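The exercises below are meant to be worked with the sequence and the coordinates side by side. Try each task before reading the solution that follows.

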Amino acid sequence: MMKRKQMIFLTAALISASLSLGASCYAQENSQETKAEESAAAQQQVATAEEMAEPVEILDEGMTPVYGEDIQDGEYSIEVASSSSMFKIEECTLTVKDGEMSAVMTMGGTGYLKLYMGTGEEAVNASEEDYIPYVETEDGRHTFEIPVEALDKAIDCTAFSKKKEKWYDRQLVFQSASLPQDAFKNLQLTTLESLNLEDGTYQVEVTLEGGSGKSTVASPTELTIADGEAVAVIGWASPYYDYMIVDDQKYMPVNTEGDSVFEIPVTGFDWKMPVIADTIAMSTPHEISYTLYFDSSSIEKAE
């Protein structure tokens, strides 16, 4: 009788364990299915390459990241290149404080509700507090305030479309060449005043860096000194540059035929002077950051 009771108890225990194991396996499978469904649903919130406009290359060859510790504290108007024509930044203010940088971007439209500093795949798995919502200005425009890791570096940013309800991946480059000269710390350059040059016409060797590395300018080039200012003639080996920006000022070509030629101020010698040149050689006009290095030791009086 005792053996029979033991057998019954053992059988019941086995059945219970089997049912418990079955329930556990079912719960695990159900959990895995739920996670897979949630993951698939999340992926549907990320726009595919086919759903996005063709990206534009915005990180020019030779660009070196510039960090907050290299910039004087203050607020600056700065140019921002976007990899997407659908993510237009009309204006931007860069704030630098204690080596940290942030920017307020004013958008060209109101189609995006929030941003995430990263990719769309990362955004769908992030928490709501990690998103950056838009702030509406008095005139109805949308602005976003974002952290800026570095200038002259491609920064991942994904934007959530109000209409499509999907994340669209972008890249942004905050261009140091659009900052004024006095924004940079520990700037080592040779000033015109220190050269003690008489007013007149000279020649100087100039080196171009940036862009794809294929663009060139004529060197040596003409340098005119007058009334305490130096003006250089920059002759591009291309007819497709329609303006240049130096120290936040726009300069137009001085010729109407042939390769593009500009007369621009030289803000200093023996340093990589940042400039921007707009090219119309691509499908759409594109501002490209360059540097020009004017070698003071090569300056000679023009014959």
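**Exercise 1. The enclosed space**

What volume does the largest cavity have?

Solution. The model is a predicted one, and every value here is computed from it. Begin with the search of the whole structure, which finds one cavity of 30 Å³ or more. The volume of the largest cavity is about 60 Å³. Next, list the lining, which consists of Leu179, Pro180, Gln181, Phe184, Val246, Asp247, Thr267, Trp271, Met273 and Pro274. Finally, sort these residues by class: seven are nonpolar, two are polar and one is charged.

**Exercise 2. The two largest pockets**

Describe the largest pocket and the second largest pocket by volume, lining and contributing elements.

Solution. Take the largest pocket first, with about 710 Å³ of space. Its lining has 26 residues, and those closest to the centre are Val80, Ala81, Ser82, Pro285 and His286. Two or more lining residues come from each of β2 (79-82), β3 and β18 (286-301). Divided by class, this lining holds ten nonpolar, nine polar and seven charged residues.

Turn then to the second largest pocket, whose volume is about 560 Å³. Here 21 residues form the lining, with Val66, Asp152, Ser176, Lys272 and Thr291 nearest the centre. At least two lining residues are supplied by each of β11 (200-210), β17 (272-279) and β18, and the largest share, three residues, belongs to β18. The classes in this second lining are nine nonpolar, seven polar and five charged.

**Exercise 3. Salt bridges around Arg141**

Find the acidic partners of Arg141, and locate each pair along the chain.

Solution. As background, side chains of opposite charge can pair when their charged atoms come close. The whole structure contains seven salt bridges. In one of them, the side chains of Arg141 and Glu90 meet with an N to O distance of 3.0 Å. This pair links distant parts of the chain, since Arg141 sits in the loop between β7 (135-136) and β8 (142-147) while Glu90 belongs to strand β3 (residues 89-97), 51 residues apart.

A further step brings in Glu91, which forms a salt bridge with Arg141 at 3.8 Å between the closest N and O atoms. Again distant parts of the chain are linked, with Glu91 in strand β3 and Arg141 in the loop between β7 and β8, 50 residues apart. Putting the bridges together gives a network that links Glu90, Glu91, Asp139 and Arg141.

As for accessibility, Arg141 is partly exposed because its relative accessibility is 28%, and Glu91 counts as partly exposed at 44%.

**Exercise 4. A second salt bridge to examine**

Are Glu149 and Lys153 buried or partly exposed?

Solution. The two residues form a salt bridge in which the closest N and O atoms of Glu149 and Lys153 are 2.6 Å apart. Glu149 has a relative accessibility of 48% and therefore counts as partly exposed. Lys153, with a relative accessible area of 25%, is also partly exposed.

**Exercise 5. The surroundings of Ser296**

Why does Ser296 count as buried, and which residues surround it?

Solution. First place the residue: Ser296 lies in strand β18. Ser296 counts as buried because its relative accessibility is 19%, and the cut-off for buried is under 20%. Its side chain makes a polar contact of 2.6 Å with the side chain of Asp270. If neighbours within four places in sequence are set aside, Ser296 is in contact with Thr190, Leu195, Phe269 and Asp270.

**Exercise 6. Backbone geometry**

Identify a cis peptide bond and two residues with positive phi, and state where they lie.

Solution. The expectation to test against is that most residues other than glycine have a negative phi, and most peptide bonds are trans. Against this background, Ser219 and Pro220 are joined by a cis peptide bond, with omega about 0°, and Pro220 is placed in the loop between β11 and β12 (221-226).

For phi, Asn186 has a positive value near 50° without being a glycine. Asn186 lies in the loop between β10 (167-175) and α3 (192-195), and it is exposed, with a relative accessible area of 70%. Asp227, likewise not a glycine, has a positive phi of about 55°. Asp227 is found in the loop between β12 and β13 (229-235), and at 72% relative accessibility it counts as exposed.

Technical notes:
Residues are numbered from 1 along each chain as its sequence is written. This is a predicted model: local features need pLDDT of at least 70, side-chain atom pairs count only at pLDDT 80 or more; totals for chains, interfaces and linings use all residues. Side-chain values use heavy atoms; hydrogens and water are left out. A salt bridge is a side-chain nitrogen of Lys or Arg within 4 Å of a carboxyl oxygen of Asp or Glu. Helices (H or I, at least four residues) and strands (E, at least two) are DSSP runs, numbered from the N terminus. Buried means under 20% relative accessible area, exposed over 50%, partly exposed in between (1.4 Å probe, protein chains only). On a 1 Å grid over the protein atoms alone, a cavity is a set of points where a 1.4 Å probe fits but cannot get out, and a pocket is an open set with protein on both sides within 12 Å along at least five of seven lines; lining residues have an atom within 4 Å of a point. Grid points are joined across faces, edges and corners, and a volume is the space filled by probe spheres set on the points. Ala, Val, Leu, Ile, Met, Phe, Trp, Tyr, Cys and Pro count as nonpolar, Asp, Glu, Lys and Arg as charged, and the others, Gly among them, as polar. A polar contact is a pair of N or O atoms within 3.5 Å; within protein, one must be able to donate a hydrogen and the other to accept it, and residues adjacent in sequence count only if both atoms are side-chain atoms. Contact means heavy atoms within 4.5 Å.
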